[in-house]
Amino acid sequence: MSLLVGLLGMGLAVALPLAPVVADRTVVSWPTEGALPTSTTAFFVPYRPAEVHAQVPCRSVLEALDAPERTTLLATTRVRGDGPTSGLVVDTEAGQLRVLVNGRLVHTASPAGTGCDVRVDSDDTGTTVAVGADAPTVLSGEPVPEVFAFTTDLTPEEAEGTTVTARTRTWFESRPSGVKAAMIGAHVVLVVLSVTLLAWRRGERPAPTRRTEQRERVRGRGVRAACDAAVVAALSVWVVIAPHTVDDSYATMTIRNGIESGDIGNYYRWYNASEAPFTLVQHLLQPLAMITTEPVWLRLPSYLAGIATWFLVSLGVLGVTLPQSGRGRLARVLAALCFLAWWLPYNTGVRPEPFVALAVVGVFALLLRATAPTARRPLLLLAAAALVAGLSLSITPSGILVFAPVLVLLPRIWRTLRTTDGEAPHAAWATVAGRAALLACLASAGLVVMFADQSWHGAAKATEMHTVIGPNFSWYEEIGRYARLLQYGGEGTATKRLPVLLTLGMLLIVALLIARRVRALQGFGEAHVLAGTAALAFALLWATPSKWSHHFGSLAGLCAPFLVLAGLLLLQVVRDRSRDGAVRVIGLAGTGVLAGAAGLAFSGPNDWWLYSDHGVSYLGLPVRPFGVPIDNPATWLVLGLAAAAVVAWSRSRDTRGLGGSAVVLSPVLITAGACVVSLAVLLGGFAVAALRQAEVGGYTVAATNLASLTGSSCGMAESIQVFPDDPEGPLRPATGDGSDDGSAVGFRRDAGHLSPPPAELAGSGSALDSWGSFVDGERSTGELTSPWYSLPDLTAGQDVAVSAAGRTGGANRLELEFGRSDGDGGVDTLAASRLDDGPAGFVHWRPLAVTADAVPDTADRVRVVAADASTDVGGWLAVTGPRVRTAQSLQDWLAGQGPVLPDWLVGNHVPCVQDVPVVSDGLAETPAIVLAHPNGVNSSVPSFNPAGTGTFAGVAVADQEVVPSWLPGSHLPVWGHVVRLDYPFDRDRYDRVTDQVTLWGWEGDR
């Protein structure tokens, strides 16, 4: 029966991806029913629909032919000049009707008075263009035109009869059919039955625990409780003050959008391709995201995973692999340090690595228990391990790390399957096969989770898109992960380097010690199991397709106990074999390796991802607390050997073995000391950063999270101030008649710069006055004193701003001078404030301002004073007249603005922004506002890059208006951008109808 149940379960799981699903089919029609054609955005994702059918009536063609200029009758994007387009364009020019498909001219005609209607039909087989009664032009294999909009230059009346019907590509929007739901239900029943059959018999009870072990446990109970409390406390503090990971905003938005669309897509890029088949964590987080999107609460699952992983490490792994020393005081303290050093820099957030780490250590602990000679109900433990292992594969590709403990313990697993519950030493093959089948049935639950609401075609298409579009790395490019770990930036943070480098160094030392047969020492017979599992886990990372350093977080559950094992093994060697010459050589070499690892780790910066690093020390610099050069391996070498010598001498009082003891002890002390420093940098550094930012009113993740715990917080949206131009903001010359033009030598009014300032930066009225020194080229110099402008009384939240281009620092100088009228036509100068955003210079225009609290209370005049003293390339300067702006919080300003798109790195920092564009059914809602990171909204940013398959590449049809904004306390010259998108036509004004069709799992659009 066991064999039958197991085979049925595996068969159902394997067949499930091919089972029928109910798939969505969405058709877009333009214009809307009963309305005349008017231009509108239509962001198809991917940009090429499954099929497009467009029609332009002859009457509209004739209307356009009468126009003297080029006229667009129909286009699937915004036509700008003569630039190429990858969409469909039907236009007239010089009396000719033209049809362009994907940027090339495919049909030209001189239509007669009748029979000139145009029809274009395109699908995956090709494109057909028909004009009147002419023979159709058939373009076999021509891709479907891209669609970002439906536009026309004709009036609605002239365009009447023009229509477009397009079916979107909905590869991933599906749900189980009745047959598939029944298969899932049957598999659940078989899983329960499998567990029942494996648990039917009881295994042998463990031998009684010896009294000495009981006394050791009692003595260590206080230390154990203290370590448990310390770890939980550290995790609790860290969940509040920790920085965001690189993908927290990204992952959160995929979860939020999945609630609306029904599929966990990538949202920002890869054409919103599904994350299938790796969506378990996102689905588990969705109920929480429905309640709140505040980051501190979304961290709750990873926080709980951290606590569970700690107890599995301290009890389930160390207690079994080190039965004598693993429960001691020293082991507990060392385990707490190593675990926190591994967990904190990697595993707080919404990324899946914390759950992989938990699953891997859970499988390892279950297998260790199940294969122990004294295990109770070993088959039930194996069942739990198989189920957890199978489910972990549906988390993320790094879930394959669960194979590390399975492969290392495979001989023991096999032995356990053959000898359990008092049966014959070698059970019958049918019995063993039945048990193995039941375990396979349980492991196949992961396959069921992967394809519960996704078809084979959908998952295969998602995998294809991720593979082809990339980044997708081969196994031999694994070196790239370590290169990223060792580079400067968020991936190469010092505290991320440390646990990885220490573990690799300790693996080398332990491998050499095992080769010297030191695992024969009492209590270390399992050293090779834990060391082999950790080493194999590092090797399995080679098979994952992405090579980012944050994937090292998946190793935390295995590598933390390994570091403890390595430390205790070295301590035992000191006691028993410190006079062994080979062991001394290994210890000395290990000391050098770990000193180098610690020095190399702390030579990295304390850099974290955008907006999480505000107020943090050592940004872009090696970590040197109190000036101590811990980024130098020599420091760790000296400190390690000196501390080890002191410890060895104090414990033995025997100088004969002092040298050997010191060189073997020093790797342990270097590891422990480096972990302490790392935790101090993390916990202390971010706590101090929060206090430091609070003093200047700056933004921190910690302050946001604290506010969320006591109420609610809108995060950075409450801190960012926007400065929309007030109609009354531009200031007027104080003379009123314009006769006082100030003085300008080398500066030219309304010229002398590369381009005039854009209206959104310069404001309007007299603030459009501008002067520039780019008169005779970049090397020219000059001085400027503008007229005095009347300055009204300023209130809190206001500032006086100008727009500047070119260089404001270095030899150049830009100031706002404030004065007071003396009543006789003169002005007494009161103060001057320099406006300087660095010596490098920027060609583009940007706003610079003086806040109200920096303006003298009695000032009623202001003027611009500038000097260009730079004679090198790029040394020019341009500036506008002054204007007054009134600040608003970003959260208040966004009210009623329409769909707001927080870009990739911004989303988690603005949790109250709820009106976000929805991406579903092959369409993306058109955003009205973008909250962009410092790179802005352009094709270099993945979200908007058509070459990078950005979901919102359609924003290229809009004009951009940058609303000036400022983030107090930011160390960045530009925190980011608030971008208002100005579309020259309607947004999303089309009809969409979604129907359902039943398809087999392998069917779908290609």
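In the predicted model, Cys58 and Cys116 are joined by a disulfide, with an S to S distance of 1.8 Å. The bond connects distant parts of the chain. Cys58 sits in helix α2, residues 58-65. Cys116 sits in the loop between β8 (104-109) and β9 (118-123). The two cysteines are 58 residues apart. The torsion about their S-S bond is about 90 degrees, so this disulfide is right-handed. Cys58 and Cys116 are both buried.

A search of the whole structure returns two disulfides. The other pairing is that of Cys714 with Cys912, whose sulfur atoms lie 2.2 Å apart. Here the torsion about the S-S bond is -85 degrees, and the link is left-handed. Cys714 belongs to the loop between α25 (701-710) and α26 (716-719), and Cys912 to the loop between β30 (900-902) and β31 (919-920), so the bond ties together parts that are 198 residues apart in sequence. The burial of each partner was computed separately. Cys714 has a relative accessible area of 12%. This is under 20%, so Cys714 counts as buried. Cys912, at 27%, is partly exposed. With bonded cysteines counted along the chain, the disulfides follow the pattern 1-2, 3-4.

Further cysteines were examined for burial. Cys441 has a relative accessible area of 0% and is buried. Cys559 takes part in no disulfide. The nearest cysteine sulfur to that of Cys559 belongs to Cys338 and is 11 Å away. A disulfide requires sulfur atoms within 2.5 Å, so the separation of Cys559 and Cys338 rules out a bond between them. Cys559 is likewise buried, at 0% relative accessibility.

The backbone was then examined for unusual geometry. Most peptide bonds are trans, and most residues other than glycine have a negative phi. Two cis peptide bonds are described here, each followed by its setting. One joins Trp30 and Pro31, with omega about 5 degrees. Pro31 lies in the loop that runs between β1 (21-30) and β2 (40-41). A cis peptide bond also joins Val45 and Pro46, where omega is about 0 degrees. Pro46 is placed in the loop between β3 (43-44) and β4 (51-56).

Positive phi values occur at Arg377 and Tyr611. Arg377 is not a glycine, yet its phi is about 50 degrees. The residue lies in the loop between α11 (353-370) and α12 (378-392). Arg377 has a relative accessible area of 26%. This value falls between the 20% and 50% limits, so Arg377 is classed as partly exposed. Tyr611 has a phi near 75 degrees, again positive in a residue other than glycine. Tyr611 is in the loop between α22 (581-602) and α23 (633-652). Unlike Arg377, which is partly exposed, Tyr611 is buried, with a relative accessible area of 1%.

Helix α12 meets helix α14, which spans residues 410-418. Their axes come within 10 Å and cross at roughly 135 degrees. This angle is above the perpendicular range of 65 to 115 degrees and not over 145, so α12 and α14 are oblique to each other. The crossing of α12 past α14 is left-handed. On the α12 side, the contact is made by Pro378, Leu379 and Leu382. On the α14 side, Ile413, Thr416 and Leu417 contribute. Of the residues in this contact, five are nonpolar and one is polar. None is charged.

A proline within a helix was also characterised. Pro499 is part of helix α19, residues 494-515. Its relative accessibility is 1%, so Pro499 counts as buried. Beyond residues up to four places away in sequence, Pro499 touches Ala341, Trp342 and Tyr346. The C-alpha atom of Pro499 is 9.2 Å from that of Leu563. Pro499 and Leu563 are 64 residues apart along the chain.

Definitions and conventions:
Residues are numbered from 1 along each chain as its sequence is written. This is a predicted model: local features need pLDDT of at least 70, side-chain atom pairs count only at pLDDT 80 or more; totals for chains, interfaces and linings use all residues. Side-chain values use heavy atoms; hydrogens and water are left out. Helices (H or I, at least four residues) and strands (E, at least two) are DSSP runs, numbered from the N terminus. Buried means under 20% relative accessible area, exposed over 50%, partly exposed in between (1.4 Å probe, protein chains only). Contact means heavy atoms within 4.5 Å. Axes are lines fitted to C-alpha atoms, for helices over the stretch in contact, and angles run from 0 to 180 degrees between N-to-C directions. Angles under 35 degrees count as roughly parallel, over 145 as roughly antiparallel, 65 to 115 as roughly perpendicular and the rest as oblique. A crossing is left-handed if the near helix is turned anticlockwise from the far one by less than a right angle, and right-handed if clockwise. Ala, Val, Leu, Ile, Met, Phe, Trp, Tyr, Cys and Pro count as nonpolar, Asp, Glu, Lys and Arg as charged, and the others, Gly among them, as polar.
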